[in-house]
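Open the model in your viewer and keep the selection panel at hand. The tour starts at the ligand and works outward.

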Amino acid sequence: MSKVICPGSFNPITLGHLNLFERCSKLFDEVVVAVTPNSAKTYLVTAEQRAAWIARATAHLPNVKVDVCTGLLAEYAVKNGAVALVKGLRNPQDMDIESQMYFGNREISGGRIDTVFLPTDERYTYLSSTIVRDIAGYGGEIRSFVPDCVAEEIAAAYLRRP
Ligand code: PNS
């Protein structure tokens, strides 16, 4: 039984994230999408709200569950019986950052947690939560960047009000 964790801020979920979850659901028996804090970032929207959007967008994937991880990711992965983390890579810059975390997570877990890297689908290599937040902040249209079923709520949550 292969259980993996897809961790990230998902601030908010994008179509690139959803594509990764869909591919993981075919590759592994069980997939846990873990909304996890990144100490370098601040969040306008709670982890629980971001997790709720992911749960709605992945409702068609029976082996995908959503959770909130509040501490060290490697410890969370061991505690939950996962064999690996799965990360999507858009470009070489992503690989630079992720390779550091790969070694860190492997060390923290005493070698028990590996990381699998999947290339981002070419349709989404330009896409990031940052650009979604930016467009939504100005009241722009985000429907081509985020799952349709949560687009309206995401647009409202990130709209900058004077
Ligand atoms: O989507 P992000 O913000 O790029 O995801 C980064 C994240 C949340 C996966 C990373 O910051 C993380 O693992 N945070 C949990 C704290 C932790 O375990 N840090 C040690 C990493 S070696």
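How far does a polar side-chain atom of Asn-38 lie from an oxygen atom of the ligand? Select both. This is a predicted model, and in it the separation is 2.9 Å.

**Stop 1: the polar contacts**

Stay on the ligand and add Ser-9. An N or O atom in the Ser-9 side chain is 2.6 Å from a ligand oxygen. Now add Lys-41. A polar atom of the Lys-41 side chain lies 2.7 Å from an oxygen of the ligand. Then switch on the surface. On its own, the ligand exposes 550 Å². The protein buries 76% of that area.

**Stop 2: the shell**

Select the residues that surround the ligand. Start with Gly-8, Ser-9, Thr-36, Pro-37, Asn-38 and Lys-41. Continue with Gly-71, Leu-72, Leu-73, Met-101, Gly-104 and Asn-105. Colour this shell by class. You should get four nonpolar residues, seven polar ones and one charged one.

Which helix gives the largest share of the shell? Show the cartoon and pick α4, residues 92–108. Helix α4 contributes three residues to the shell.

**Stop 3: the pocket**

Hide the shell and display the pockets. Where does the ligand sit? In the largest pocket. That pocket holds about 1,100 Å³ of space. Its lining consists of 39 residues. Select those closest to the pocket centre: Pro-7, Gly-8, Ser-9, Lys-41 and Glu-98. Ser-9 and Lys-41 are familiar from the first stop: the side chain of Ser-9 has an N or O atom 2.6 Å from a ligand oxygen, and for Lys-41 the corresponding value is 2.7 Å.

Next, colour the lining by element. Several elements give two or more residues to it. The strands are β1 (3–8) and β4 (84–89). The helices are α1 (15–27), α4 and α5 (129–137). By class, the lining divides into 14 nonpolar, 17 polar and eight charged residues.

**Stop 4: the loop between β1 and α1**

Move to the backbone. Phe-10 lies in the loop between β1 and α1. Check its phi: the value is positive, about 50 degrees, although Phe-10 is not a glycine.

Now select Asn-11 and Pro-12. Is the peptide bond from Asn-11 to Pro-12 cis or trans? It is cis, with omega near 5 degrees. Pro-12 also has its place in the loop between β1 and α1.

Technical notes:
Residues numbered from 1 in each chain as written. Predicted model: local features only at pLDDT ≥ 70, side-chain atom pairs only at ≥ 80, totals over all residues. Heavy atoms only, no water. Near = heavy atom within 4 Å. Polar contact = N/O pair within 3.5 Å; in protein donor to acceptor, adjacent residues only side chain to side chain. Areas by Shrake-Rupley, 256 points an atom, 1.4 Å probe, with all protein chains shown as cover. 1 Å grid on protein atoms, 1.4 Å probe; cavity = no way out; pocket = protein on both sides within 12 Å on 5 of 7 lines; lining within 4 Å. Sits in = over half its atoms within 2 Å of the grid points. Helix = DSSP H or I, 4+ residues; strand = E, 2+ residues; numbered from the N terminus. Nonpolar A, V, L, I, M, F, W, Y, C, P; charged D, E, K, R; others polar. Points joined across faces, edges and corners; volume = space filled by probe spheres on them.
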